[in-house]
Every structure is written in C-alpha cells, then in structure tokens.
Amino acid sequence: MLTRRRFLRQMALAGVGSQLLPYAGALNAAPRKQPNILFLFSDDHSLQTLGAYRTRLQDFVRKHRITPNLEQLAAEGATFNNSFVCNSICGPSRAAILTGKHSKINGFWTNGQRFDGSQWTMPQAFQKAGYQTALFGKWHLASTPTGFDVSEILPGQGMYYNPDFITKDGERIREQGYCTEIIADKTLDWLENGRDKDKPFFLCSWHKAPHRTWMPEPKYMDLLDDVDVPEPDNLFDDYAGRSSALKLQKMSIRDEINLAGDAKVTPPVVTSTPEEILASAEKSASRDGATFAEFKRMTDAQKEAWDAHYVPRNRKFRAKKLTGDALTRWKYQAYMKDYIRCIKSLDEQIGRVLTYLKDNGLAENTIVVYSSDQGFYNGEHGWYDKRWIYEESLRNPFIIKWPGVVKPGRRINAMIQNIDYAPTLLECAGIDAPSDVQGDSFKPILEGKTPEDWRKTILYTYYGRGAHAVKTHYGVRGRRFKLVHFPETDEWEFYDIKKDPTEMKNLYGQAKYEKPVARMKRELKRLGEKYRVL
Ligand code: CA
C-alpha cells in the first residue's frame, strides 16, 4: 500500500507539487512525538576523506569504500556543503557547539583551558526538557560534563588502544580493545539497556578518531597498502604572496610529521622495550609521545598485529634512504593511509549504530547528525592539522537525517556554523534556546524554507596560543570572497574562493578588488561587533 509519506516522497522526487506540498508531512493530523537525537561526532575528519562531499579525494574514498555508511546517511538525509566552524580547533569547537556562542563569549578559546560547565548548554536544556541525555567518548574540555544523565568520557585526548574512560561518578575504568569500537559498544549498550524507552533521548557518541597519531585498528592496518593516496597540487606550497604567518607555522608534513611517532618508523614493538622504542623516537626528533604511550598499552596480540604490518614496511622504507621531496611524499602517504584507516573503522562503527536504530524501530523518529569538530589538512599547503581559516579546516562535515522532514539526498548550500547546532537541535525538539545564544536555528532550512535574510557571511576567530605556531587571525568568509587579518603584524589576505578554491593567490592590495575588500572589511567589523568578539 502506498502510504501518505511515501506518496509525498514520490511526488517530491518526481518534482510534482513540491512547491505546493511541504515535504514535512505537516498534513499529518497527529502531532509528532518529540524526536530522539543521535549526535555522532568525530575529531579532525576532513571533508576530503568523506565520500559524501565533492572534494579532492572523493573518488579515491568512494573507490576504496572508506565511508559507505556515512554516504548512506547522506543519501537518507541532507549534506551541508557550507558548514563552518567559528574557531578551528578541538576544545573551542566543542565549547561553541555546547553553548551556541563564539569562543570569547563561552570562555573557551584555546585548548588547555577549562570549560565552564555551569553556563547554559544544549545538553542541560535537553535534560531540563525531559530528555534523557548521554555522552560516550571524547570530551576534551577538561571539566566534568554537565547536563548528561550518563557519561563515560576519554580522559583528555584519550587513547586508541585499550583506552581509559571516566564515568559520571569519576571512576576511571580501562577497557580492552580499540577505542572507536568501544565507543560504539557503549552507545549501543545504552540504547539497548541503559535508557528509559518511554522518553526521548539526546545521545552524544563522540569519537576520538581520526585524531593524531592516527593509530589504525589491526584489521585495517593493511588497507590501502598497494595504492598511493593522490597528492594535492599544493603539497609543496611556498606561501608566496601571503602573510608571514604561513611560513612560521609548525604543522608541515615535511618538518613536523615525525618519523617515529606520526609515521611509526620504530623498532618492532614485540621485541623492544618501551625505552628502546622511545630512544628511537628521540633520534628522529619526535616531540609527540602519544604513539609510544599507545604501544605501552597494547596487548601481545595487538603488538604482533602491529609488527606484522609496520616492521616490513619500515624495512622497505629504511632501504630506500629517502631525502628531500621524496621523503616528504613518503611521509604524506604514511600519514594519509593511517588517517584513512582510522576513518574506515569510524565509518564501520557508525554503521553499526545506524543499523541498530533501523532494526529497533528507532530510525523513523530519530534525528541523526554526523559532524566533526573541524576539517583537516590532508597535505594541502603542505600541512596536516587544522587551526587556519583556509577552507580545509574552516569547513566541517555536517550531515543530518530527519525522516519525514529532511528530504533524502538533499545538498544544501546555505551557510551554517557550529554555533547554530544548539538552537537548531533544540528547536527541532520544540525546546526554546535563550536569547543570548548567538547561533541561529536552521530548522527552517531543514524544512526546505531558507529564510530570505539567512546569513551570507560567517565570522572566524583563531587565538594563537596553542601548538603548531599558528598566529592569531580573524576573518570573514562570504559566498565568494574571504578576508583574513593577522592583527599581530597587521597583514591582510583576500581570496576569491570561486576562482581560487585552494587559496593560493592573495588578492589583497590589488586595485581590481578594492571594492569587495572594503565591503568585507565592513562585514568583519559588523560581525565582530554583533558577536562582541572583536
Ligand atoms: Ca579536533
């Protein structure tokens, strides 16, 4: 039998009557039940490596089936092409999401600070409104989560292998296995056994993957072994014509991907002592002990699996005696393959959770969001990491499925920002956000009705006190142009993103662009004042 919803969907697909009939199923007489919300979140997942996005690596990612479950989610929901963060780094992005406010207003603008969980946050609002709230996985805000009935979080950055979790009671427990799978297990266990099935839920399943140091799961260590990941054209960017800050950064694949820690060129972990492994790291000037801390936690079986992959690879690498650009290219491959392998596990575990929703009658009334705390450089400008206002880290993935409301397979160009998630998700549940929340609800956009006055620019702020020597910069991104200011040196950049999507040509100071530069400067000032951050 053709249900009303399916009938409407077929009409919409056929382009018939889509102007007349809202897709939202608003004709249904019965009020909708408050939707459940499943917020799937990752750390540092680039758009380039998500097959749902039309980006540099899309063909590669699709061919090797790295993100089939996220692509399926996008096919069942909407993909936002222009989703941006307000500050492209882990803690600040999470704080912006929780509060709906820019960094300087929510008080968490750089990693290493402590989030003030006593202020208004989205999970508290859900909790107060009668939702069950739960959080499993990465938190990285130093303070204890507030607004969650249940939480089990990774301490700090967390570990990939046999990670510790901190429970709501403050107890530290160590789990055996691979972090991404364990977070999915905890999510599934709560869905099945932990919650009150008569109440709606707000469930955060927040992954560590694919954060540095990109430790793959044993079963995917050999994935992509025999292929090369395509390089970006600007892997050897010389930063000509742009501000001095680009040359000062310490996040290049050439100089900062260290061989022992990041690229895992270590002695065998089964037969070496932790001290011997660490000594090899020091020889290669490693400044990141995270990989070695992972080795220390591994079981013998995990170590054996590790060596089975990395020992022969490292033997081959040493025999080649690479230097210069060839060495940078090898590091790029080592980094990208481990990064993508972590994403493969992430996608698989997300798939398990989405399958559970479908198999248990929860899919129809659950809003599913997939996002990441920022984008990431996959060799563009010679970099890994994030922090900059340039496209690869300014944009973040945002996919949302809401059966009966969001038309499946939509690609949305309206500009959204991470400060919008809280007011949006709350409005979807019929809950008001306080008026001092700075983000805007894009629920109307989900319903296919983008308001006339919807934003056409976003404000970006980065506060250069963290790692990787990226200087403080502010900027505004419009639909076509981007203006960037480095206040310490008073240097400016201006890009035509349409003509120069990889942002290699700084047009600031060119007579031809005087007018749009002046317009964007006014816009930067306006937004800085509006949000009270500049
Ligand atoms: Ca991050």
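Colleague: How are the donor residues of the calcium ion spaced in sequence?

Modeller: In this model, which is predicted, the donor residues follow the pattern D-D-x328-D-Q along the sequence.

Colleague: Which atoms are the protein donors, and how far from the calcium ion are they lying?

Modeller: The protein donors are an OD atom of Asp43, an OD atom of Asp44, two entries for OD of Asp373, and OE1 of Gln374, and they lie 2.2 to 2.8 Å from the calcium ion. Asp43 and Gln374 link distant parts of the chain, being 331 residues apart. Asp43 belongs to the loop between strand E1 (36-42) and helix H2 (58-63), while Gln374 belongs to the loop between strand E9 (366-372) and helix H14 (391-394).

Colleague: Are Asp43 and Gln374 buried or exposed?

Modeller: Asp43 and Gln374 are both buried.

Colleague: Moving on to Thr49, where is it found?

Modeller: Thr49 is found in the loop between E1 and H2, which is also the loop that holds Asp43.

Colleague: Why does Thr49 count as buried?

Modeller: Thr49 counts as buried because its relative accessibility is 1%, and the cut-off for that class is under 20% relative accessible area.

Colleague: And what is Thr49 in contact with, leaving aside its neighbours within four places in sequence?

Modeller: With those neighbours left aside, Thr49 is in contact with Leu57, Val61, Thr67, Met336, Tyr339, Ile340, Ile343 and Asn378. In addition, the side chains of Thr49 and Ser46 are joined by a polar contact of 2.8 Å. As for Ile66, which is 17 residues from Thr49 along the chain, the C-alpha atoms of the two residues are separated by 8.1 Å.

Colleague: Switching to backbone geometry, which residues does the cis peptide bond with omega near -5° join?

Modeller: That cis bond runs from Ala209 to Pro210, and Pro210 is placed in the loop between strand E8 (201-206) and helix H8 (245-248). A cis peptide bond is also present from Arg212 to Thr213, with omega near 10°, and Thr213 lies in the loop between E8 and H8. I would flag these for a look, since most peptide bonds are trans.

Colleague: What about phi of Ala142 and of His381?

Modeller: Ala142 has a positive phi, near 70°, and its place is in the loop between strand E4 (132-137) and strand E5 (150-153). His381 has a positive phi too, near 60°, and lies in the loop between E9 and H14. For context, most residues other than glycine have a negative phi.

Colleague: Is His381 buried or exposed?

Modeller: His381 is buried, because its relative accessible area is 1%.

Terms used
Residues are numbered from 1 along each chain as its sequence is written. This is a predicted model: local features need pLDDT of at least 70, side-chain atom pairs count only at pLDDT 80 or more; totals for chains, interfaces and linings use all residues. Side-chain values use heavy atoms; hydrogens and water are left out. Donors are N, O and S atoms within 2.8 Å of the metal (3.2 Å for Na, K and Ca); water is not among the atoms, so sites may look incomplete. Helices (H or I, at least four residues) and strands (E, at least two) are DSSP runs, numbered from the N terminus. Buried means under 20% relative accessible area, exposed over 50%, partly exposed in between (1.4 Å probe, protein chains only). Contact means heavy atoms within 4.5 Å. A polar contact is a pair of N or O atoms within 3.5 Å; within protein, one must be able to donate a hydrogen and the other to accept it, and residues adjacent in sequence count only if both atoms are side-chain atoms.
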